[in-house]
Amino acid sequence: MTLRIEEKIDIHESKLLIFKKWILQNKGKKIYSKRKINSIYFDTKNFQMYQDSEEGCNPRMKLRIRYYDENNFYLEKKISTQNDRSKSTRKIKLNEKRDLLKKGIFDRKYGLCSPNIIVSYMREYYSILSMRVTIDTNIQYGLFNSIKNIREKSIVVEVKSNNLSQKDNIFNLFYFPRIRFSKYCRGISSFYF
């Protein structure tokens, strides 16, 4: 697992172009092409991961299969504790993806976790002072095995670094308001709560 810093900042849709200009003025640069990201999230029948996230419990976890196209799938586990966050990623093959979607994933803490929601969005990637800045737009939530979708109105900007000493840089350089935002939790609450 890789430890990392991850901060989410609030940028209103009307200020997005101003924010992108600010990135470039601060020697930021685009590092990857814009692409669509899809994540299938897993949880228990009683949504224990969702509840832990909403209540801010530590440690807490999110399980998902992430894919960018129909050939590359990744099983990801994100763990948040009081002091840090970590993420493990493992590439999986199509047949393993199918098995996980059919049978679920067993976790020692949570037990059997089944797929319940799909989150899709467009992501842009920038780098500024060796920190990665992502801008997520056109966020959509869908129930697993359903055609019903809900569109998110917010834009999510994340500042990430694997260098834990960069935390001060994030707070000093990015003077924008911080937010607590989980696409998974937003999607679940849109459908169920």
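Here is a chat about aromatic pairs, cores and one serine in a predicted model.

Student: Let's start with the rings. How many aromatic pairs does a search of the whole structure find?
Tutor: That search finds 6 aromatic pairs. One of them joins tyrosine 67 and phenylalanine 73, with 5.6 Å centre to centre and 55 degrees between the planes, so this pair is classed as tilted.

Student: Okay, and is tyrosine 67 buried or exposed?
Tutor: Tyrosine 67 is buried, at a relative accessible area of 10%. Its partner phenylalanine 73 is buried too, at 0% relative accessibility.

Student: What kind of aromatic pair do tyrosine 68 and tyrosine 74 form?
Tutor: Tyrosine 68 and tyrosine 74 are edge-to-face, with 65 degrees between the planes and 6.2 Å centre to centre. Tyrosine 68 counts as partly exposed, because its relative accessibility is 26% and the buried class stops under 20%.

Student: Switching to charges: which ring does the charged end of lysine 97 sit over?
Tutor: That would be the ring of tyrosine 67, with the charged end of lysine 97 placed 5.3 Å from the ring centre. Elsewhere, lysine 183 has its charged end over the ring of tyrosine 121, 4.5 Å from the centre.

Student: Now the inside. Which residues touch the most other members in the largest nonpolar core?
Tutor: That core has 17 residues, and the ones touching the most other members are Tyr50, Ile117, Val119, Ile139, Tyr141, Tyr184 and Ile188.

Student: Which elements give two or more residues to this core?
Tutor: Three strands and a helix: E2 (29-43), E7 (111-128), E8 (131-143) and helix H5 (183-191).

Student: Can we zoom in on valine 119? What does valine 119 touch?
Tutor: Leaving aside residues up to four places away in sequence, valine 119 touches Ile37, Asn38, Ser39, Tyr41, Ile139, Gln140, Tyr141 and Lys183.

Student: And what does the second, separate core include?
Tutor: The second core has 16 residues, among them Trp22, Ile23, Ile135 and Phe176. As background, nonpolar side chains in soluble globular proteins tend to be buried together.

Student: One last residue. Where does serine 182 lie?
Tutor: Serine 182 is in the loop that runs between helix H4 (167-173) and H5.

Student: Being in a loop, is serine 182 buried or exposed?
Tutor: Serine 182 counts as buried because its relative accessible area is 17%, and the cut-off is under 20%.

Student: What does serine 182 touch?
Tutor: Not counting residues up to four places away in sequence, serine 182 touches Ser53 and Lys62. With lysine 62 there is also a polar contact of 3.0 Å between the two side chains.

Methods
Residues are numbered from 1 along each chain as its sequence is written. This is a predicted model: local features need pLDDT of at least 70, side-chain atom pairs count only at pLDDT 80 or more; totals for chains, interfaces and linings use all residues. Side-chain values use heavy atoms; hydrogens and water are left out. Rings of Phe, Tyr and Trp (its six-membered ring) pair if their centres lie within 6.5 Å; planes under 30 degrees apart count as stacked, over 60 as edge-to-face and the rest as tilted. Buried means under 20% relative accessible area, exposed over 50%, partly exposed in between (1.4 Å probe, protein chains only). A charge sits over a ring if NZ of Lys or CZ of Arg is within 6 Å of the ring centre and within 35 degrees of the ring normal. A nonpolar core is a set of buried Ala, Val, Leu, Ile, Met, Phe, Trp, Tyr and Cys residues joined through side-chain atoms within 4.5 Å. Helices (H or I, at least four residues) and strands (E, at least two) are DSSP runs, numbered from the N terminus. Contact means heavy atoms within 4.5 Å. A polar contact is a pair of N or O atoms within 3.5 Å; within protein, one must be able to donate a hydrogen and the other to accept it, and residues adjacent in sequence count only if both atoms are side-chain atoms.
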